[in-house]
Every structure is written in C-alpha cells, then in structure tokens.
Amino acid sequence: MKMSSVAAAVAAGWVAACLASGAAEAKTVAVAADRLLDVATGKYVDKPLVIVTDARITAVGHQGDAAPAGAERVDLPGVTLLPGLIDMHVHLTSSPLYSGYNYLQFTDSFWPIIATRHAKATLEAGFTTVRNVGSENYEDVGLRQAIDEGFIEGPRIDAAAYAIGSTGGHCDSTFFPPSMNQREPSVIDSPDQGRQMVRQMHKYGATVIKICATGGVFSHGDTPGAQQLTLEEIKAIVDEAHRTGMKVAAHAHGAEGIKAAILGGVDTIEHVSLVDDEGIRLAVQKGAWFGMDIYNTDYTQAEGAKNGVLPENLKKDRDIGEIQRQNFRKALKAGVKMIFSSDAGVYPHGTNARQFAVMVRYGASPLQAIQTATLNASQALGGEWSHDVGQVAVGRFGDMVGVKGDPLSDVTVLERPVFVMKGGETVVRRP
C-alpha cells in the first residue's frame, strides 16, 4: 500500500514542522510486521512498514518502500500489528487486592505509589491510552504528569480526578458511622453545586468529568438501580463540562438513571447493567456511547471474598452480572455505539484484555470488540484524542500493539501482546 499524495503531503509537512521547531535530531523508527489490521475497514495490510518520527506516524506503506535515512529498524516477523488499545474505564490508583475495609490499613500516600506499577502493567498489556474515571486526592492527575514528564512508564491518561456524586451516594464515603464524619469532597446536591464542582475538577487538572448517576455494586447501603442525581443536576454538570471542552462519563446501573444521563447529554454511559428498551432506544437516538464492563464479575466472584469484598457487594455483583451481559447483547444488536470499559482496578491491572473474549461470547464480532478499544474509543474521547490515537494512520501517535496469530479469528491473542510501542518508543518486545 503506497501513501496517497495527501498522506505524503501530511507526512512531509509533519517532518518539516519537526525540523522547523528545532527537532533536527527527531527520532525516526521504521516498524515492519507480517500484517497490519486496519480497524476502520477490518482488512489486513500485508507486509506493512510504519514510519514514526518524533512520536507520530509519518507514513504507512509497504516493506520495500524507502525508509528515511538513519531510521531505527524494528522487524516483527510473524506479528500482526494493531493500534495501541484504549480502555475507557480504569482506576489506576485502586487495587482489587484490598477491598471492603481492608484498604484502611494503608496510608493515603500508598495508593499513588502502587499506581505506578499499575500504570506500567497496563501499558505493557498493550493499552497505550486509558481514561481514569475517579480517584482520590487528584492522584490520577499527578500520575499523568509523572508519565508525561518521563519519570515512570504508563499509558496516556484522560483523568477525571474525583467522581462527582450526591450525599450518601455511590461516589460518597458510605462505609462509616456518623462519628467518623466521612464525606467525599466531590459531593453535590444541587445544579449550582454541580457546576462549581466541574470548575474545581477542571482547575486542578481533570480532563474528563465522571458522575455517579445511580447506586453502585461496590458501595455500601444503596442499590445499583437507584437514581442518585436528578436530571437537572446532570444537565448542569454536562453543560459546564462541555463549556470547558470536557466530555462526561456517567456511572449508571439503573434504568431510570441511565435514561436521565442520556437525556442530560452525558457522552458515555458506564456499566449500563439494568438498561431497559427505552434506554437503548434513547442511546441510539442521542448517539450516546455505552461502556459495559462485562468481564469483571468473573474475577470478583472468584476472588472477591478473599480480597475483602463484603457479602452485600458480592451479592449485588452476582445479581446483576448476567443481566448486564444479556443487555450488552441486546444493546449491541440494536446499534448502540460501544466502547471498551473494563473497570480495571476491580480486577487486576494488566489483564484488561480479558474482556474481549466475553464481548465476543455475548454477540460482538472480533472486529467489533477490537473497534471498541481503538476507533470507537478515540471518537468517544473527543477533542484532539480523536485525531491522536485509535488508528495506525499518518499524524497519529506511534502507538501500536503486536500479537502472534489472527485477532479476527481469536481475540484472546490480545491478552498476550509480543510488541507494544508508545509514541515511537518500544515498551515490550518478546520473541
């Protein structure tokens, strides 16, 4: 596949821009593999040669095409290349090993430290971009900064900082008696408070907003189906976030909360466990994305009790697990736009890709499953993200993952990447 004249012009312009900005020594890498999956068409490109200069792709051609002089060569025989994967729902500062009250044995500064290991494991698993939807103390913002400054290895992070919720709701501290007076600093109980909280998150580095529209599985004393933010509160939060250029993600298990989030203009609806037919119809009509974490029940039911998950939470998880999976099948068949949202942190970081097989088991084709974590995810991220990640294409970041085998026949090969590149830098290279 030769570059089109447009692609060649873009590539030439990019290289010229690098030189003009003083990047005369910009690193260039030429990556060759057996084939490349074009996630937009579902077709393979045989014997691709991908050129990455100064972190961005400047050419996508064939082996035998001329590579820039001095380019570092990376040859990957027997490997299929895909774009770097994107997980739209992770909690890098959380660990599934310390659930229930077990986390109280650690000091607050423990969590951002172990997050550095989680970030590295996520990147090495082929997820070069993630959306971190909720953390304490702006830890995900700090983690992003440390990665961007080169102090630690990790994926690109779209950070939400604190998740916004109502008093006593899923995003509040609900595990303690009144004498402990625990309250999350992101609690709101009116539309005006919602606007103010969006401004505060933006002020301290959030690049996406997360809200809790309904109860949750792993919170205490509520039910997943209960709506916890009013439509007016949701609309105010969404309006303020969109005004600043940020997307909004909503934790929403229950049918009424899901519909309120869609009607309120929320961009991505997370979990979506108890969605009804009207909610599916609204999602199609309004163009909302669903991010359904349909693998993690397998882990929590097997390992949760050992890790300290309370019986109440295990029961809620067990009660809605299969319902959520069947609703994934129904929503997908109805044409709802889907993104890859694993909720990693509820299960171990670095095993995110286990969800692909469950998506296929419940009705997605392998290509559809892969698109949720590439093309679809980049579109749902919006802004510059939509042009920076999600495809192996000129102008986008040199983020790639390589696997042995055919992911369109067996998506489980994505659980075992043999090559990971982020921004033109090789992170993983295995035989």
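The following paragraphs go through the confidence of the model, its annotated domain and three helix pairs.

This is a predicted model. The mean pLDDT of the chain is 93, and 94% of its residues reach 70 or more. Residues 1-12 have a pLDDT below 50, and this stretch has 16 contacts in the model beyond near neighbours in sequence. A second stretch, residues 14-24, also stays under 50 in pLDDT; for it the model has nine contacts beyond four places in sequence. Where pLDDT is low, the predicted coordinates should not be read in detail.

UniProt lists residues 80-427 as "domain: Amidohydrolase-related", in an unreviewed entry. Over residues 80-427 the chain is 38% helix and 15% strand. The C-alpha atoms at the two ends of residues 80-427 are 16 Å apart.

The helix pairs come next. Two packed helices are described by the angle between their axes and the distance between the axes.

Helix α5 covers residues 231-243 and packs against α6 at an angle of about 40°, with the axes 9 Å apart. Angles from 35 to 65 degrees fall outside the parallel and perpendicular classes, so α5 and α6 are oblique to each other. The crossing of α5 past α6 is right-handed. On the α5 side the contact involves Leu 231, Ile 234 and Lys 235, which meet Ala 260, Ala 261 and Leu 263 of α6. By class, this contact of α5 with α6 has five nonpolar residues, no polar ones and one charged.

Helix α6 (residues 255-263) also packs with helix α7 (residues 277-286): their axes come within 9 Å and cross at roughly 15°. An angle under 35 degrees counts as roughly parallel, and α6 and α7 are therefore roughly parallel to each other. Their crossing is left-handed. From α6, the contact takes Lys 259, Ile 262 and Leu 263; from α7, it takes Glu 278, Gly 279, Leu 282, Ala 283 and Lys 286. The contact of α6 with α7 divides into four nonpolar, one polar and three charged residues. Leu 263 of α6 is thus listed in the contact with α5 and in the contact with α7.

Further along the chain, helix α8 (residues 296-307) packs with helix α9 (residues 311-334) at an angle of about 165°, and their axes are 10 Å apart. Because angles over 145 degrees count as roughly antiparallel, α8 and α9 are placed in that class. The crossing of α8 past α9 is left-handed. In α8 the contact residues are Thr 297, Asp 298, Thr 300, Gln 301, Gly 304 and Ala 305. Their counterparts in α9 are Leu 314, Asp 317, Arg 318, Gly 321 and Arg 325. By class, the contact of α8 with α9 comprises two nonpolar, five polar and four charged residues.

Key. Residues are numbered from 1 along each chain as its sequence is written. This is a predicted model: local features need pLDDT of at least 70, side-chain atom pairs count only at pLDDT 80 or more; totals for chains, interfaces and linings use all residues. Side-chain values use heavy atoms; hydrogens and water are left out. UniProt positions are given in the numbering used here, feature names are shortened, and annotations may be inferred rather than shown by experiment. Helices (H or I, at least four residues) and strands (E, at least two) are DSSP runs, numbered from the N terminus. Axes are lines fitted to C-alpha atoms, for helices over the stretch in contact, and angles run from 0 to 180 degrees between N-to-C directions. Angles under 35 degrees count as roughly parallel, over 145 as roughly antiparallel, 65 to 115 as roughly perpendicular and the rest as oblique. A crossing is left-handed if the near helix is turned anticlockwise from the far one by less than a right angle, and right-handed if clockwise. Contact means heavy atoms within 4.5 Å. Ala, Val, Leu, Ile, Met, Phe, Trp, Tyr, Cys and Pro count as nonpolar, Asp, Glu, Lys and Arg as charged, and the others, Gly among them, as polar. pLDDT is the predictor's confidence in each residue, from 0 to 100.
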